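The following explanation leads the reader through one protein structure, beginning with a single residue and ending with the whole chain.

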Amino acid sequence: MTHELRIAVATDSGLVREHNEDSVYVRADLQAVADGMGGHEHGELASALAVNVLAEWRGDLGPAVAEIARRLDAEVPQGAGTTLTAMRWEGLAFQLAHIGDSRAYLLREGELRQISHDHTMVQALVDAGRMTPEEALVHPRRAYVLRALQSGNSHEPDLSWHQARIEDRYLICSDGLTDYTDIEDVHDILLSTEDGTEATWQLVALANGNGGPDNITCVVVDVVRKKWWQR
């Protein structure tokens, strides 16, 4: 193998909430962020269950998400749920599983683009041409999620395959970052901060600097070429 993944994580409850309902899990071939819904304890339980299933899982993420849905039905109060954005790697290819309004981004050759698709009311209106992306950013119900993994009412995730390149940088994050920051500021940090750990904590500080009303979780994955003596 001629490459390796350098993975950095930061998570914070933010400045307003006492508890962090986000859960995060990373290993060499899998990174995931889950944002719990349903209030304190219930949301924490749902997001933790999601990443706990992934921690024990090997292989395709489709059945993994189905197992999360099954266990949510069996183990958490009805209505509690979680978003999920996860990347599973096979060499330089990765499978992306996504449901809800957590996000995945790719920084490649200086350009940042979102590679997940929000399952929110405002995004559905943007897709239908009934709202502009600029209007969606400030809509009072921009956090209203249409699809999630939820006890009693889970939806299917988006599943897709992507091909990475050496020097790609990926960001997985909860909406506590993207709902309260300008994406251009996120872009600037990812572009200018070489160290992944420093970048994740700068992103947390960015959201907290804007009031930090929500939990914030960031995972940065750098695809780097191995040195000749590491091969």
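**Two cysteines and the overall fold**

In this predicted model, Cys 218 counts as buried because its relative accessibility is 0%. Cys 173 likewise has 0% relative accessibility and therefore counts as buried. The cysteine sulfur closest to that of Cys 218 belongs to Cys 173, at 5.8 Å, which is too far for a bond. Seen from the other side, the sulfur of Cys 173 has its closest cysteine sulfur in Cys 218, at 5.8 Å. A disulfide would require the two sulfur atoms to lie within 2.5 Å. When the whole structure is searched, zero disulfides are found.

The two residues belong to a protein whose secondary structure consists of seven helices and twelve strands. Of its 231 residues, 49% are buried. Among contacts with a separation of 6 or more, 69% join residues that are 24 or more positions apart.

The overall dimensions can be considered next. The C-alpha trace extends over about 55 × 35 × 35 Å along its principal axes. The radius of gyration is 17 Å, which agrees with a compact globule, because a globule of 231 residues would have a value near 17 Å.

The surface and the charges complete the description. The protein exposes about 10,900 Å², and 48% of this area is supplied by carbon and sulfur atoms. Its side chains include 20 positive and 37 negative ones. The centres of these two sets lie 7 Å apart.

Definitions and conventions. Residues numbered from 1 in each chain as written. Predicted model: local features only at pLDDT ≥ 70, side-chain atom pairs only at ≥ 80, totals over all residues. Heavy atoms only, no water. Helix = DSSP H or I, 4+ residues; strand = E, 2+ residues; numbered from the N terminus. Rg over C-alpha atoms; globule rule 2.2 N^0.38 Å. Buried < 20%, exposed > 50% of the residue type's maximum accessible area, 1.4 Å probe, protein only. Contact = heavy atoms within 4.5 Å. Areas by Shrake-Rupley, 256 points an atom, 1.4 Å probe, with all protein chains shown as cover. Lys, Arg positive; Asp, Glu negative; His and termini not counted. Charge placed at Lys NZ, Arg CZ, Asp CG, Glu CD.
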